Amino acid sequence: MRGAWRPAIGKGLRHPVEMRFVDMFMTALGSLIFMALLLVFVIVNFPTEGLTPPEDAPVETRELLLATKTMPQARPGERYETALAYRGGVGAIRWSLSTGEGGLPPGVEFNADEGAISGTPVAVGVFRFTVTAVDARNNSVSRGYEIEVKAPPVSSKAFNLWVAGILALVLAYLGISYAGNSMHQARLRAHASKLHALGLKTMPVSLQGRGEGSYELPGAIDHFAQAAGAARNKSILAFLGAGAAVGYIFWVLNGA
């Protein structure tokens with residue numbers, strides 16, 4: 001086709017593209033070899049001994065400071081862990097603790113190697129102490145701290161359990177009282193029925209423990225029957241309420 005591009009392949013140049021790639025590869029390889037030889041020459045003829053400072057050269061130091069300002073609050077019976085932080089100084093830090101007013105809480109210890117405080121407090125209160133940090137050049141810094149071991153507040157769950165327990169006890173007591181009253185009224189009704197069967201018209205009030213007086217028969221029979229029934233119903237309701245309160249306690253304790 002006229003006007004189409006054709007690669008110019010002359011005599012002895014049958015693969016011009018392959019030849020250009022080989023030339024580029026050889027050029028890159030030669031450059032790498034040259035740079036490697038130059039680097040070896042520099043290392044051999046220019047030692048780096050004078051570039052490192054001698055061991056006794058003065059070292060720039062910064063002021064040693066304790067970065068930890070306050071201690072977190074602790075709870076009795078719960079694991080407590082905290083570490084002191086610092087800034088500046090030279091080399092490793094040595095830690096020490098002076099008890100001062102109260103020292104560490106009982107059950108808590110100080111790790112002088114790591115500057116850490118850990119343990120399980122067993123008593124509430126505020127415990128004060130002083131921590132000192134010393135660096136490798138004997139620069140030191142001290143700061144006073146306090147750890148407050150505070151009992152946790154009563155949770156709503158615990159409060160609900162207390163209320164349910166007290167309510168269960170009160171309702172159980174009322175249920176027993178009403179049940180006893182119901183049985184007493186039933187006995188009075190039975191006695192009034194016997195007196196009425198004997199032809200008596202009155203029943204002494206003293207039999208009910210209320211002093212002198214009398215009940216008219218047979219009206220007293222109905223009165224004692226109604227009183228026994230009312231006391232019995234109140235007893236049933238009180239026992240049902242106590243049972244519901246106990247059921248709620250078990251429901252909460254089982255992960256509600």
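Biologist: What makes β5 and β6 count as paired, and in which sense do they run?

Modeller: DSSP has to find at least two bridges between two strands; β5 (residues 108-111) and β6 have 4 bridges in the antiparallel sense, so they pair. One bridge partner couple there is Asn111 with Ala116 in β6. Strands here are DSSP runs of E, at least two residues, and helices are runs of H or I, at least four, numbered from the N terminus. This is a predicted model, where local features need pLDDT of at least 70, side-chain atom pairs count only at pLDDT 80 or more, and totals for chains, interfaces and linings use all residues. Residues are numbered from 1 along each chain as its sequence is written, and side-chain values use heavy atoms, leaving out hydrogens and water.

Biologist: What sits between β5 and β6?

Modeller: They form a hairpin with 4 residues between them, and Gly115 in the turn has a positive phi of about 65°.

Biologist: Which other strand is joined to β6, and how?

Modeller: β2 (residues 80-83), antiparallel, through 4 bridges to β6 (residues 116-119). Glu81 stands opposite Ser118 in β6.

Biologist: Why is Ala158 called partly exposed?

Modeller: Buried means under 20% relative accessible area, exposed over 50%, partly exposed in between (1.4 Å probe, protein chains only). Ala158 has 26%, so partly exposed fits. Ala158 belongs to helix α2 (residues 156-197); its C-alpha is 9.3 Å from that of Val252, 94 residues apart in sequence.

Biologist: And why does Arg62 count as exposed?

Modeller: Arg62 has 61% relative accessibility, so it counts as exposed. Arg62 lies in the loop between α1 (16-45) and β1 (65-66).
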